4 protein chains.
Amino acid sequence: MSKPAKSRGSYDPERTRQLLVDSAIKLFSERGFSGTSMQDIVAGAGVTKGAFYHHFESKEDVLKLIHDQFLEAQAQEMERILAEFSSPVDQLRETIKMSVRGVVEYREHVAIFFQERRNLTGERAQQVRARRDEVDRQIADIIRRGQDSGDFDSRISVPVAVYGWVGMSAWVYTWFRPGLGMTAEDVANQLAMLVLDGLLAK
Amino acid sequence: MSKPAKSRGSYDPERTRQLLVDSAIKLFSERGFSGTSMQDIVAGAGVTKGAFYHHFESKEDVLKLIHDQFLEAQAQEMERILAEFSSPVDQLRETIKMSVRGVVEYREHVAIFFQERRNLTGERAQQVRARRDEVDRQIADIIRRGQDSGDFDSRISVPVAVYGWVGMSAWVYTWFRPGLGMTAEDVANQLAMLVLDGLLAK
Amino acid sequence: MSKPAKSRGSYDPERTRQLLVDSAIKLFSERGFSGTSMQDIVAGAGVTKGAFYHHFESKEDVLKLIHDQFLEAQAQEMERILAEFSSPVDQLRETIKMSVRGVVEYREHVAIFFQERRNLTGERAQQVRARRDEVDRQIADIIRRGQDSGDFDSRISVPVAVYGWVGMSAWVYTWFRPGLGMTAEDVANQLAMLVLDGLLAK
Amino acid sequence: MSKPAKSRGSYDPERTRQLLVDSAIKLFSERGFSGTSMQDIVAGAGVTKGAFYHHFESKEDVLKLIHDQFLEAQAQEMERILAEFSSPVDQLRETIKMSVRGVVEYREHVAIFFQERRNLTGERAQQVRARRDEVDRQIADIIRRGQDSGDFDSRISVPVAVYGWVGMSAWVYTWFRPGLGMTAEDVANQLAMLVLDGLLAK
DNA sequence: AATGAATGAGTATTCATTCAT
DNA sequence: AATGAATGAATACTCATTCAT
């Protein structure tokens, strides 16, 4: 609506930009950041190097953009969960669903996020780290409130619970693929059960 | 007797070899495999490129060797646990301790194992994958036996339990450092509690 | 019109390309393919390695190109001779002239062709071999027709005559330089006499 | 006879030396001098680099030795021919036989001689060039005497005749293999006929 | 006589990026 | 907005040779 179907020649900068980002996402997730050359990226988008550098500052610049896309989506989800649910138990259960759903919808972003973060340097690295820490902090808050309310077992220290939960969630991208007999819903429910009720039979 | 404890200087191949492996371990864990150049490795060891290629086939060759060292240590631990403990509950608890202890003793190996595996290609990749799958299979066996004996909750499917546990364990290397107020023992116990008893207060 | 005779300076890709090929021809003929480094080639052309790899796939790629230039010229000459002359005697005489003239005009190409062919591998080698065999086949045809017509002595088998002639012609590049008292014309005539009339006095 | 079967341990220096030369001959003729690494040579001989440098000064040193072996054999043959035959016609015919036979018996030496000469430098190159020129000079003498005696056609200049003959002879190594339907004797006779009687029917 | 470790200079090729057009 | 030519530094790896043993 805001972008009317403007008349144009063969140029469509927005499309070129998107083609480049898509190509980078695909390749970074498959071969890693270092394993992907600029040549690969522009060939995948069907344009030339000059076009890339017209739209982006550097290779790292696109990597940062991909991180931002993922972090933005994650932050919005988190926002929504905290607004929509009030009990710590429900909130934690929802974040697990969010993670598994994230893996399904953003598989490539997630893989890049967990494996290529190290290739961000300087200010870009700091920004990403800050946003990621923010998520950890939000999880920690949920757990803390749960312990305060008596819902969660206080013998488990907050950091261990957070990192245990995060590790479990992050790991999903390494093994879960939709369409192999388990739905994302199933996986999320079982993981929630595991971390909330424990593996021991009652 | 035949091998006198000769120490010094420029003619001690075993030492050269070790210096090179140590340098590679340090650098791979800090900057990643792709981010480390051969020049970096040999400079770190204080020898020349020629010396490196006298002892190893390629950069990837050392990466494989590092993986093997870690996998070997892990396999032995696993062996020991299965021999020493008989109940699934104890066995699972021990594997968690093993993981945390592994992170303490082999931090760099672990980081390399979880982040640089993708740089192994061909037969080397296959071998490592096979040994890693073997560990997953052993965990799965423990859980299955625990469910059969009624110790473990059967509502959680074996793969989800395995991957949940593995993710939690693997993730430890991203955050745990000894000497920051928690001992490895503490961390292991709390993680065991989390996954066995669950986070919910009883 | 669309391609103005722009001449100068640093933005003339066709010129860069030619400078590189010329440099390679000079160096390959002087020091051989293996004895010439990429550094030598680009230094001789006054450009950088990057520029080379922008225009060519590999060192071997240029070697192939040089072979093709020579083979193309040779094929055209052969075509012309077969069209212009009809008697086998005249045709053979003309091919000798062609060879000597070829040595004068393409001395470096010829030297490269006869000494560096082995450095072509795979498909490139096959293509060159095929084109060279084609020339041998054309010579063989001339001789066969000469024997059939009774012009040539049938006691000499076709392959021996062909290889004898080819060897004699190829060898010229190892010793003949214009401007040392003999013209290319002289040399060609005497070689023709040698192979047609024989060395024995009549 | 002069070398009695001396008692020895596992060392047999003369044998080691020969294994190295044989390995070099095989490899130089197959892959060229530059294309053969020291590693290839010593592996082919089943010894180590140290052993090589115990027996030879350098890679080029062995190349020179191979040239000397071939040139020595050629010089002896030439000596024999000049002593045994007196007429220029017979002598020239014999040298053709010698060349073809040389290709059969010394194929690898011949290939190395014609293709790897350029890799000899300095004094070594000079020595080889001198001995090769000597052979050319002997051929030139034969032809000159033949022209003086009226046996050979004087319209063909001596250098052209020499180089024509040499080219024809040298080329044999590129195509002739025994056991493909023609004997060395056949080939020599036909080449002699070609260069002496000429290709034209009488 | 021979080994095997080590050197240091050299190899072809690829890289992310810049810039004239 | 986009092309394609060019840079210059870096890449993993190989070389012939030397030398302590």
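Where in chain A does pLDDT stay under 50, and how many contacts beyond four places in sequence does the model have there? That's residues 1-9 of chain A, and the count of such contacts is zero. Keep in mind that this is a predicted model, so let me start with confidence. Across chain A the average pLDDT is 92, with 95% of the residues scoring at least 70. If you go element by element in chain A, helix α4, residues 59-84, comes out highest with a mean of 97. Helix α5, residues 88-105, has the lowest mean, and that's still 94.

Okay, the fold of chain A. We've got nine helices and zero strands, so if you read off the elements from the N terminus, you just say alpha nine times: α-α-α-α-α-α-α-α-α. The C-alpha trace spans about 65 × 35 × 35 Å along its principal axes. Of the 202 residues in chain A, 35% count as buried. And among contacts with a separation of 6 or more in chain A, 69% are between residues 24 or more positions apart.

Now hop over to chain C, and look at α5 there. Here's a little sanity check: helix α5 of chain C has 18 residues, and at 1.5 Å a residue it should span 26 Å. The end C-alpha atoms are 25 Å apart, which agrees. The buried residues of α5(C) include C:Leu92, C:Ile96, C:Val100 and C:Val103, but also C:Arg93 and C:Glu94. What do the buried residues of α5(C) pack against? In chain C, they pack against α4 (59-84), α6 (107-115), α7 (122-148), α8 (158-175) and α9 (184-197).

On to how the chains pair up. Take A and B: a turn of 180° and a shift of 0.1 Å along the axis lays chain A on chain B with an RMSD of 0.1 Å. That's the relation of a two-fold axis. In chain A, the C-alpha nearest that axis belongs to A:Gly198, 1.7 Å from it. And 100% of the interface residues of chain A are also interface residues in chain B, so the copies meet through the same surface.

Then D and C. Chain D goes onto chain C with a turn of 180°, a shift of 0.1 Å along the axis and an RMSD of 0.1 Å. The residue of chain D that comes closest to the rotation axis is D:Gly198, with its C-alpha at 1.7 Å. Again one surface serves both copies, with 100% of the contact residues of chain D recurring in chain C. For the contact itself, 34 residues of chain D touch 34 residues of chain C. On the chain D side, α8 (158-175) and α9 (184-197) are the elements giving two or more residues, and α8(D) has the largest share, with ten. By class, that side has 19 nonpolar, ten polar and five charged residues.

Which pairs don't touch? Chain B and chain C, for one, with their nearest C-alpha atoms 21 Å apart. Chain B and chain D don't touch either; there the nearest C-alpha atoms are 12 Å apart.

Last stop, the DNA. Strand F is surrounded by 38 residues, and the closest are A:Gly50, A:Ala51, B:Ser37, C:Gly50 and D:Ser37. Elements that give two or more residues to that surface are α1 (13-31) and α3 (49-55) in chains A and C, plus α2 (38-45) and α3 (49-55) in chains B and D. The residues there divide into 13 nonpolar, 17 polar and eight charged.

Key
Residues are numbered from 1 along each chain as its sequence is written. Chains are lettered from A and ligands numbered from 1 in the order in which they are written. This is a predicted model: local features need pLDDT of at least 70, side-chain atom pairs count only at pLDDT 80 or more; totals for chains, interfaces and linings use all residues. Helices (H or I, at least four residues) and strands (E, at least two) are DSSP runs, numbered from the N terminus. The expected span of a helix is 1.5 Å times one less than its number of residues. A residue is buried if 20 or more other C-beta atoms lie within 10 Å of its own, exposed if 12 or fewer, and partly exposed in between; C-beta atoms are placed from the backbone. Two residues are in contact if their C-beta atoms, placed from the backbone, lie within 7 Å. A residue is near a molecule or strand if its C-beta atom, placed from the backbone, lies within 6 Å of it. Ala, Val, Leu, Ile, Met, Phe, Trp, Tyr, Cys and Pro count as nonpolar, Asp, Glu, Lys and Arg as charged, and the others, Gly among them, as polar. Copies are superposed by least squares on the C-alpha atoms of residues with pLDDT of at least 70 in both. pLDDT is the predictor's confidence in each residue, from 0 to 100.
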